[in-house]
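Hi,

Here is the structure I promised to pass on. Have a look at it first, and my notes follow underneath.

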Amino acid sequence: MMVGSIGRLRRNGIVFDRVPLVYCPVCRRFDVHPLVADAFDLLLDYAEADGARVVDVAELLRYDEAALRAAQPFWDDGDAEALVEGLIDQALDLLSAARALDDRLWRRELHDRLRRLLELRARIQAENRQADG
Ligand SMILES: [Zn+2]
């Protein structure tokens, strides 16, 4: 499950700031948000032709943040713990669906995802405790 966010992305040696993107918090895969993927490709072409090193995407690309959020069931607002809680709840829901369907492969995938999400939550909680103390 990909999480939506506005953040930084590196492509072809160029740093793009304030890009609408989606990422997987488990495997750390980052993609441009599908709603702006075509526009971003054009921007990438221009930036390469220009020899740009850093591009502020929010200055060059008009995007409707409400529409971007509406397209993603999860959105990263900076509260990592709340986000991972939501993802764990969702994985548990899917796991009961996989059990009901007796889908072994799916169950195994979800168990793996859940384990990694729980590890991620433990890491975030430890970091938060350190920040508090
Ligand atoms: Zn992933």
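Leucine 21 is where I'd start: leaving aside residues up to four places away in sequence, it touches Ser5, Gly7, Leu9, Phe30, Asp31, Val32 and His33. Bear in mind that this is a predicted model.

Leu21 also belongs to the largest nonpolar core, which has twelve residues in all. Its other members are Leu9, Phe16, Val19, Val22, Val32, Val36, Phe40, Leu43, Ala47, Val55 and Val57. Strand 2 (14-23) and helix 1 (37-50) each supply at least two residues of this core, and strand 2 gives the most, with four residues. There's a second, separate core too, made of six residues, with Leu83, Leu87, Ala91 and Leu117 among them.

Now the helix pair. Helix 4 (residues 80-101) and helix 5 (residues 104-132) pack with their axes 9 Å apart, at an angle of about 160°. Anything over 145 degrees counts as roughly antiparallel, so that's how helix 4 and helix 5 run relative to each other. The crossing of helix 4 past helix 5 is left-handed.

Which residues make the contact? On helix 4 they are Ala80, Glu81, Val84, Leu87, Ile88, Ala91, Leu94, Leu95, Ala98 and Arg99. Helix 5 brings Trp106, Arg107, Leu110, Arg113, Leu114, Leu117, Leu118, Leu120, Arg121, Ile124, Gln125 and Asn128. By type, the residues of this contact between helix 4 and helix 5 split into 15 nonpolar, five charged and two polar.

Cheers

Key. Residues are numbered from 1 along each chain as its sequence is written. This is a predicted model: local features need pLDDT of at least 70, side-chain atom pairs count only at pLDDT 80 or more; totals for chains, interfaces and linings use all residues. Axes are lines fitted to C-alpha atoms, for helices over the stretch in contact, and angles run from 0 to 180 degrees between N-to-C directions. Angles under 35 degrees count as roughly parallel, over 145 as roughly antiparallel, 65 to 115 as roughly perpendicular and the rest as oblique. A crossing is left-handed if the near helix is turned anticlockwise from the far one by less than a right angle, and right-handed if clockwise. Two residues are in contact if their C-beta atoms, placed from the backbone, lie within 7 Å. Ala, Val, Leu, Ile, Met, Phe, Trp, Tyr, Cys and Pro count as nonpolar, Asp, Glu, Lys and Arg as charged, and the others, Gly among them, as polar. A nonpolar core is a set of buried Ala, Val, Leu, Ile, Met, Phe, Trp, Tyr and Cys residues joined through C-beta atoms within 7 Å. A residue is buried if 20 or more other C-beta atoms lie within 10 Å of its own, exposed if 12 or fewer, and partly exposed in between; C-beta atoms are placed from the backbone.
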